[in-house]
Amino acid sequence: MTEDGKIPEVSLLKFLKHSANILKNPLPFHHNNFQKKGDTFRLNIGFNKSVIFSRDAGLVEYVLQKNQKNFVKSEIQTKDLVKYVGKGLLTSEGEHWKKQRKLIQPAFHKKQLANLLDSIKQAILLEYKKITVNEELDIFPIYNDLAFQTVVKSLFSSAANQEEINRLQYITEETQKMLVKELRQPYLGWWFKASGKIDSYLKLTAEARNILRKIVQERRESNEKYDDLLDMLLEAKYDDGNFMDEEQLIDEILILFTAGHETTSNSLTFTAQLLALNPEWQEKIYEEISSLKEQDLDLMSYVIKCQITQQVIEESMRLYPPAYFIDRVNLEEDEFEGKYFQPGSNLLFSIHEVHRHPDLWEDPDAFKPERFAEGGRKYSSQYFPFGAGPRKCIGNNFAMFEMIIAVTELVSQYKIVPGFDEIDIKPLITLKPKNAILKFQSRS
Ligand code: HEM
């Protein structure tokens, strides 16, 4: 095994020199270092700490899948996020995570999701009423609301009060913004605490938990069956025959809001922008859905047959993966292809770079949905929009079905015209779109 130094290093001086730009958008800095140092480099960030950045698809697979037992998530997910959303699937580790995943997984099986598709479609159609034709508008706020509403409607059907839902959305978004501030400006941590800022956000979180407690209690008392995600979660039993306790259930609901909201709205926005820039793909989708509509299919069969739309979304997530970084820390020392990782190494995989790696993709920066004509599985060793291995996104089918319905409904109603020159990004915890200005022309 080679020594630690085998991983090329980027100095603290260089990091500090570029820190202002890194804060604005770290992707060009990472890209330049990958070009100069190779697919894996160590960035020295001071105080004797370093982060190992990688765009090596083989290493991603090794860490997330093949040797996943030796890797845990970083404290960003298992500590920083926990204070606002609790210990649910996304934020827990070890036996607790395993037990929760086993319990919740069945609610996300394709068969079960079929029950939710009608509610999802209704939520989408309602949001699309906000689109005004022939004038420029930023599509992101619409998709932001749409993604939240679809998770809420899937969880609670129609049995929740709109005012409370809006409050839940507000709190979810505000606490996420606070977390971004804490992560980007760790040197202000003392001030966030001393000024009472963190406490005020914790109060908001407590308010969200109270709202959810009330919704859950009303459901328990109603004795009605809704066949939604909440019913599934309330009825699910652990191996020992027990149900999930109320506080754990609330943690899991908050996690679904957080994990399923921003990622999906980012992806839908980028997809709409890519379609605006590539009108020929709008027409391909339109043709496909026109012929499918003649077949009078149930919604699940229709969604599965929307192959062109699926390819477009897959290509959109290749170019603009909402979860553009995945992090892990190794428990014990490890080695991969001659690179040594001492215990506790911070590994940060740039999914954005893996998805545009010139050795892996032909014409990597071009929008070519036809790459996915044979399905995404062909690229399972180099395409990770939903992660990989046992911690792969539990909502991946949910997200795909939701996005297929959203895209097909959009294209069936409108032609999308760009009101921007180039797709602009804002990389925060997720890869967010910026100024997604579009114009919609009615097809009817
Ligand atoms: C385009 C949309 C989405 C993307 C790109 C996405 C991406 C991801 C990724 C990359 C992970 C793995 C993170 C890691 O390994 O560190 C993940 C985990 C997770 N996602 Fe998603 N996600 C999306 C939508 C959703 C939706 C709609 C839901 C739920 C309604 C959801 C719920 C979760 C949960 C609960 C986890 C944690 C799973 C576990 O650790 O067992 N996601 N997601």
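**Helix packing and the ligand shell**

Helix 9 passes helix 10 in a right-handed crossing. This is a convenient place to enter the structure, which is a predicted model. Helix 9 covers residues 117-128 and helix 10 covers residues 140-156, and their axes come within 9 Å and cross at roughly 150 degrees. Since angles over 145 degrees count as roughly antiparallel, helix 9 is therefore roughly antiparallel to helix 10. On the helix 9 side, the contact is made by Ser119, Ile120, Ala123, Ile124, Glu127 and Tyr128. These residues meet Ile142, Tyr143, Asp145, Leu146, Gln149, Thr150, Lys153 and Ser154 of helix 10. Sorted by class, the residues of this contact comprise 7 nonpolar, 4 polar and 3 charged.

A second group of contacts is built around helix 16, which spans residues 279-293. The axes of helix 16 and helix 20 come within 9 Å, with a crossing angle of roughly 95 degrees. The two helices are therefore roughly perpendicular to each other. From helix 16, the residues taking part are Gln282, Ile285, Tyr286, Ile289 and Lys293, while helix 20 supplies Val407, Thr408, Glu409, Val411 and Ser412. This contact holds 5 nonpolar, 3 polar and 2 charged residues.

Helix 16 also packs with helix 18, which runs over residues 307-319. Here the axes come within 8 Å and cross at roughly 145 degrees. Trp281, Lys284, Ile285 and Glu288 of helix 16 meet Gln307, Ile308, Thr309 and Val312 of helix 18. By class, 4 residues of the contact are nonpolar, 2 are polar and 2 are charged. Readers following the side chains may like to look for Ile285, which takes part in the contact with helix 20 and also in the one with helix 18.

Attention now turns to the ligand. It is surrounded by 28 residues, and the closest are Trp97, Arg101, Arg328, Arg391 and Cys393. For several of these, polar side-chain atoms can be paired with oxygen atoms of the ligand. In Trp97, a polar side-chain atom lies 2.7 Å from a ligand oxygen. For Arg101, an N or O atom of the side chain is 2.7 Å from an oxygen atom of the ligand. For Arg391, the corresponding distance between a side-chain N or O atom and a ligand oxygen is 3.0 Å.

The elements giving two or more residues to the shell around the ligand are helix 7 (94-104), helix 15 (246-277), strand 6 (325-330) and helix 20 (396-413). Helix 15 gives the most, with 6 residues. Helix 20 thus appears in both parts of this account, as a contributor to the shell and as a partner of helix 16. In terms of residue class, the shell consists of 18 nonpolar, 6 polar and 4 charged residues.

Note on methods. Residues are numbered from 1 along each chain as its sequence is written. This is a predicted model: local features need pLDDT of at least 70, side-chain atom pairs count only at pLDDT 80 or more; totals for chains, interfaces and linings use all residues. Side-chain values use heavy atoms; hydrogens and water are left out. A residue is near a molecule or strand if one of its heavy atoms lies within 4 Å of it. A polar contact is a pair of N or O atoms within 3.5 Å; within protein, one must be able to donate a hydrogen and the other to accept it, and residues adjacent in sequence count only if both atoms are side-chain atoms. Helices (H or I, at least four residues) and strands (E, at least two) are DSSP runs, numbered from the N terminus. Ala, Val, Leu, Ile, Met, Phe, Trp, Tyr, Cys and Pro count as nonpolar, Asp, Glu, Lys and Arg as charged, and the others, Gly among them, as polar. Axes are lines fitted to C-alpha atoms, for helices over the stretch in contact, and angles run from 0 to 180 degrees between N-to-C directions. Angles under 35 degrees count as roughly parallel, over 145 as roughly antiparallel, 65 to 115 as roughly perpendicular and the rest as oblique. A crossing is left-handed if the near helix is turned anticlockwise from the far one by less than a right angle, and right-handed if clockwise. Contact means heavy atoms within 4.5 Å.
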